[in-house]
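Grab a viewer and work through the exercises below. Try each task before you read its solution.

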Amino acid sequence: MSALAVVTPTYAPDAELFAHLHRSVLAHTSHDTVHHVVVPGSDRHLFARYAGPRCRIWTYAEILPRRIVRMPVAGVWIDPARPWPPLRGWVAQQAVKVAVTARLDAKVVLVADSDVVLVREATPDLFIQDGQVCMYRMDGGVHELMTDHVTWHRVARELLGLPGPVPLPLPDYVSSLACWDPAVVREMQRRITEATGRDWLSAFISHLQVSEFIVYGVFVDEVLGAAPPVNTAICHNRWDRTPLDPAGAIAFADRLPPDAVGMMISAKSETPMAARLAAIERCSQITGPDGSHP
C-alpha cells in the first residue's frame, strides 16, 4: 500500500493548467506518490508524455463500463439501456473520481482539479489524524440561495437511502482539493448499491445534478458517523469567475493561509497564464525553497 495518491480528471482545454498541477505534484509529494489522471480517449495523446512511474494515464473507456458510449457531439455519454438522462461531462468526471479512487491501494487520496497547484509539501501525516483521513466540511456553508448545493444534498440522501429533507443550513463538502479514504469510498459504493438496488455507478449517473463530494461527506457524517478530523484550510481558493491581472494574482497569493497545501484560481475566471504564474511564483516565495515553511 502506498501512503498517498493523487487523482485528477482533465481534458484538452485544461492541458496547460494540468501541466502546472502535475509539476507541483512531482515537486511536493514523495517519490512513491502516483498521479492518476483520467482523460477522454481522444485526448490521451496530449497527456501521454506524462506517463511513467509517477503518473498513470487512464481513459474514460478504461473506467466506465463498455455499455456507456461517448456521443460524437455535445460532450455526453449514453447508456443505451437507460438513455435518459444522458451522462454529461461534469457528471462523468465525478463518477471517474469515485471509480478510480476505489481502485487504489493507498491510505489517502488527494482529489485535485486541474486548476489547483500544490504549494507546500503534501505528506500523508498532514491528512491522517488518529487513523482517520481528514475531510473538508464547512459547517452551515449551504444556505437556501445555493440551489445547486441544496439539490446535491437531496440527491446524496436519495443515493445513500437517508430520510429527507433536512433543515438548512447544511454542511458544504465541496472543495477543489479534497482528501478521500479509498476504503471509505468502497464502502460508499456498496451503500449506494444497497440503498438503490442498482450498481452504484448506474445509480450515480442517473441524476442530472449530483456532487461526488457531498455524497462522500454525507456518507461519512451520517452513515458512518465517523466524526473525522476536519481540514478547511487545505486549499487557498478563488472561485470568482472574473480574471485576475498579475498584481491581483500576487495579492491573492499573499493571502495564502499558513496551513494551505494547495492554491486554486478557477479556470472559469479565464485568468491569463502570466497572472497565474505570478501567483504560483509568489506562493513559492512565501512557502520557501522546500515548499514547507511559511
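Helices (H or I, at least four residues) and strands (E, at least two) are DSSP runs, numbered from the N terminus. The model is predicted, so local features need pLDDT of at least 70 and side-chain atom pairs count only at pLDDT 80 or more, while totals for chains, interfaces and linings use all residues. Residues are numbered from 1 along each chain as its sequence is written, and side-chain values use heavy atoms, with hydrogens and water left out.

**Exercise 1.** Work out how helix 10 ends and what it packs against.

Step one: take the span. Helix 10 (residues 273-287) has 15 residues and runs 21 Å from first C-alpha to last, close to the expected 21 Å (1.5 Å times one less than the number of residues).

Step two: look for buried residues, meaning under 20% relative accessible area, with exposed over 50% and partly exposed in between (1.4 Å probe, protein chains only). Among them in helix 10 are Met273, Cys283 and Ile286.

Step three: find the partners, with contact meaning heavy atoms within 4.5 Å. The buried residues pack against helix 1 (15-28), helix 9 (246-254) and strand 15 (262-265).

Step four: go past the end. Glycine 288 follows helix 10, and its phi is positive, near 95°.

**Exercise 2.** Is helix 1 largely enclosed or not?

Count the buried residues: 10 of the 14 in helix 1 qualify, so helix 1 is largely enclosed by the rest of the structure. They include His20, His22 and His28.

**Exercise 3.** Describe how helix 4 and helix 6 cross.

Step one: fit the axes as lines through C-alpha atoms, for helices over the stretch in contact, with angles from 0 to 180 degrees between N-to-C directions. The axes of helix 4 (residues 89-103) and helix 6 (residues 182-196) come within 8 Å and cross at roughly 120°.

Step two: list the contact. Val98, Ala99, Thr101 and Ala102 in helix 4 meet Pro182, Val185, Arg186, Met188 and Gln189 in helix 6.

**Exercise 4.** Which backbone torsions deserve a second look?

Most residues other than glycine have a negative phi, and most peptide bonds are trans.

- Cis bonds join glycine 164 to proline 165 and leucine 168 to proline 169; omega is about -5° for the former and about -5° for the latter.
- Aspartate 130 has a positive phi of about 50° and is exposed, at 81% relative accessible area.
- Alanine 227 also has a positive phi of about 50°, and is exposed at 61%.
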